[in-house]
Amino acid sequence: MRLESLGAATRGCLPLAAAFAVLFTAPALRAQAQVPADADPPETALPELKPVPVFSAGVAMVTSWQGGQTHLLPLVSPVGLIPIGQNWLIEGRGTFESDIVPDPNGPGWKGYLEKEDDYFQLDYIANPYLTVSVGRYLTPFGIYNERLYPVWIRDLQSDPLILPISTGPSGAGTGAMARGGFNLSSKVELNYATYFSTRVTTSPFDSDRVWGFRTGIFLPGPRLEVGGSFQHLLQDDRSNAFGFHFAWQPAPLPLDIRAEYARSHNGSGYWIESAYRLSQVPVWTNALRHVQIVGRMQQFYVGQVENDDLPGVNTNLFEFGVNYYFRDDIRFVSSYGRQFAPDGGNMNVWTIGLTYRLALPVGRGDVR
């Protein structure tokens, strides 16, 4: 199953496609329902939809081995959507996770609980082309941080090396954002997001003072998107950062191809990833249709200013993974990677784990 289409991904930052379908189409459906007196009979008009709150959560238990060091990585990530009428929406996501390692001073394990407010924002859906958000939002630089980061969406459980570039200290901004999309023609769609964030130093709400934008061109026919991002830091050295992204889901194949490039004073690099579902293999169909194979290649080059969240040396990393979907919401994940660092840091990286996704409507919607 493809967890998100390219077109749906450009509409928002939560992977709850059904909820967004209700919330984003309701104003248009309401407008169509107000037909003039000389129009067709009322029964031909589309009904108005009543959105309902949605609670969702992702749960993961992943074990990784990095250079011989074992890490237990349990994670719980609750998500909430609360619509207010037809044009307002409150949405948020939090993360509770631990990194548990063997205690070098004795038997047992040790670790700590890390809490993060990923985002918490109020959205105003002004029209089909513009949504304005205020609060804490995911920084829309590139596509991974906003569209692919949750454990129930990502195909490989490790983060890309360049992810911390221009996403801020916690991947989020605090301020205001405007986003939307519209058709340039019947075969070309333009999507955009622009944002301003103020500086916050209190964890887990920390963010940088920045301004930036992202834009992309989506071609519905070939299901292909290309785009770019720019960000200007309004503090410290007031540096600039830019990036490019690419995503393609060819219609004849259960295949996803994604790539990103980013460059800033902290460093530069790229990743390219391909994921293929074996549902079209003509043998052992019942078993192989649950299997997905994934490969990712990435490189990182150090910049002029060090960042503790980025590698300290030039690094190459190749990863290969196999995932098995017991159901659409439960899967087994596994991968092997080899990291190459010319100045030290060569190691193997293994991961295995389980991910689970829960989504529940809170209340009942109806058509009126």
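Biologist: In this predicted model, which residue meets Arg258 in a salt bridge at 4.0 Å, N to O?

Modeller: Good place to start! A salt bridge needs a Lys or Arg nitrogen within 4 Å of a carboxyl oxygen of Asp or Glu. The partner here counts as buried, because its relative accessibility is 9%. The side chain that meets Arg258 at 4.0 Å belongs to Asp256.

Biologist: How many residues apart in sequence are the parts that Arg258 and Asp155 tie together?

Modeller: These two also form a salt bridge, with the closest N and O atoms 3.5 Å apart. Arg258 lies in strand S13, whereas Asp155 sits in the loop between H3 and S8, so the pair ties together parts of the chain that are 103 residues apart.

Biologist: Is Asp155 buried or exposed?

Modeller: Buried means under 20% relative accessible area. Asp155 has a relative accessible area of 6%, so the word for Asp155 is buried.

Biologist: Which residue forms a salt bridge with Glu146, with the closest N and O atoms 2.7 Å apart?

Modeller: Glu146 is in helix H3, and its partner is in strand S8, 33 residues apart. Both residues of the pair are buried. The partner of Glu146 is Arg179.

Biologist: Now for the surface: does Ile82 count as buried, partly exposed or exposed, and why?

Modeller: Ile82 is found in strand S2 and belongs to a nonpolar surface patch with about 540 Å² of accessible area together. Partly exposed covers the range between under 20% and over 50%. Because its relative accessibility is 43%, Ile82 counts as partly exposed.

Note on methods:
Residues numbered from 1 in each chain as written. Predicted model: local features only at pLDDT ≥ 70, side-chain atom pairs only at ≥ 80, totals over all residues. Heavy atoms only, no water. Patch = residues over 30% accessible without salt bridge, like charges linked within 9 Å, V, L, I, M, F, W, Y side chains within 5 Å. Areas by Shrake-Rupley, 256 points an atom, 1.4 Å probe, with all protein chains shown as cover. Helix = DSSP H or I, 4+ residues; strand = E, 2+ residues; numbered from the N terminus. Buried < 20%, exposed > 50% of the residue type's maximum accessible area, 1.4 Å probe, protein only.
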